[in-house]
Amino acid sequence: TSPDAQVMDTVLPLMAPKGKIVIFSRFESPDAQLDLSIIQKKELSLWGTDGYERRHLEAVLRLAGRRKISLKWLVTKECDLHGVEQALEEIRCGKQLKVVLHP
């Protein structure tokens with residue numbers, strides 16, 4: 001999900017043979033380059049998507065609401081409203097991804 005095309009330089013060598021990469025964020029650099037030899041050698045599948053369908057989100061929310069799946073792993077930090085400025089700064093600098101604010 002990273003918009004940094006350089007992440008692919010790190011990810012590709014770590015992929016298992018016949019692995020699948022799904023890209024669903026926009027790269028900031030229009031001149032991003034990939035090492036196609038790694039993709040070919042490891043027989044990787046590279047998929048791109050521009051989003052999701054509403055029905056997918058609704059299905060996930062239904063499953064989470066019935067506690068069939070946990071979304072707790074998405075949250076990287078929880079804090080109260082007194083910590084909102086620090087939490088926002090940590091998001092800006094990339095230290096946190098998803099923060100839940102409790103009133």
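These legends accompany several close-up views of a predicted model of a protein.

**View 1. The whole chain, with helices and strands taking turns.** Let us start with the overall layout. The protein has four helices and four strands, and from the N terminus on they run α-β-α-β-α-β-α-β. Of its 103 residues, 16% count as buried. The protein exposes about 8,600 Å², with carbon and sulfur atoms supplying 57% of that area. If you like contact maps, take the contacts between residues at least 6 apart in sequence: 45% of these join residues at least 24 apart.

**View 2. The largest nonpolar core, made of eight residues.** Here you can pick out Met8, Leu12, Met15, Ile21, Ile23, Ile38, Ile39 and Leu44. Helix H1 (7–14), strand E1 and helix H2 (36–41) each supply at least two residues of this core. Ile21 is a handy residue to centre on: leaving aside residues up to four places away in sequence, Ile21 touches Met8, Leu12, Met15, Leu44, Ser45, Leu46 and Trp47.

**View 3. A nonpolar patch on the surface, formed by Val22, Phe24 and Trp47.** Together these three residues have about 320 Å² of accessible area. Val22 sits in strand E1, which covers residues 20–23. Its relative accessibility is 40%, so Val22 counts as partly exposed.

**View 4. Lys42 and its partners from an earlier part of the chain.** Lys42 belongs to the loop between H2 and strand E2 (45–48). Pro17 is 25 residues away from Lys42 in sequence, yet their C-alpha atoms are 4.6 Å apart in space. Not counting residues up to four places away in sequence, Lys42 touches Leu12, Pro13, Leu14, Met15, Pro17 and Lys18.

**View 5. A salt bridge between two loops, Lys18 to Glu43.** The N to O distance between these side chains is 2.8 Å. Lys18 comes from the loop between H1 and E1, and Glu43 from the loop between H2 and E2, so the pair ties together parts that are 25 residues apart in sequence. Lys18 is exposed, at 62% relative accessible area, while Glu43 is partly exposed, at 49%. The protein's salt bridges come to five by count, and two others appear in the next views.

**View 6. Glu78 and Lys72 meet in a salt bridge through their side chains.** Their N to O distance is 2.6 Å. Glu78 is partly exposed, with a relative accessible area of 40%. Lys72, with a relative accessibility of 53%, counts as exposed.

**View 7. A salt bridge within helix H4, between Arg92 and Glu89.** The closest N and O atoms of the pair are 3.1 Å apart. Both residues lie in H4 (residues 84–92), three residues apart, which is about one turn of the helix. Arg92 counts as exposed at 62% relative accessibility, and Glu89 as partly exposed at 43%.

**View 8. Helix H3 and Arg67, which comes after the helix.** This view offers a quick geometry check. H3 has 12 residues (54–65) and, at 1.5 Å a residue, should span 16 Å. The C-alpha atoms at its ends are 16 Å apart, in agreement with that expected span. Arg67, following H3, has a positive phi, near 60°.

Definitions and conventions
Residues numbered from 1 in each chain as written. Predicted model: local features only at pLDDT ≥ 70, side-chain atom pairs only at ≥ 80, totals over all residues. Heavy atoms only, no water. Patch = residues over 30% accessible without salt bridge, like charges linked within 9 Å, V, L, I, M, F, W, Y side chains within 5 Å. Areas by Shrake-Rupley, 256 points an atom, 1.4 Å probe, with all protein chains shown as cover. Salt bridge = Lys/Arg side-chain N within 4 Å of Asp/Glu carboxyl O. Buried < 20%, exposed > 50% of the residue type's maximum accessible area, 1.4 Å probe, protein only. Expected span 1.5 Å × (residues − 1). Contact = heavy atoms within 4.5 Å. Core = buried A, V, L, I, M, F, W, Y, C linked by side-chain atoms within 4.5 Å.
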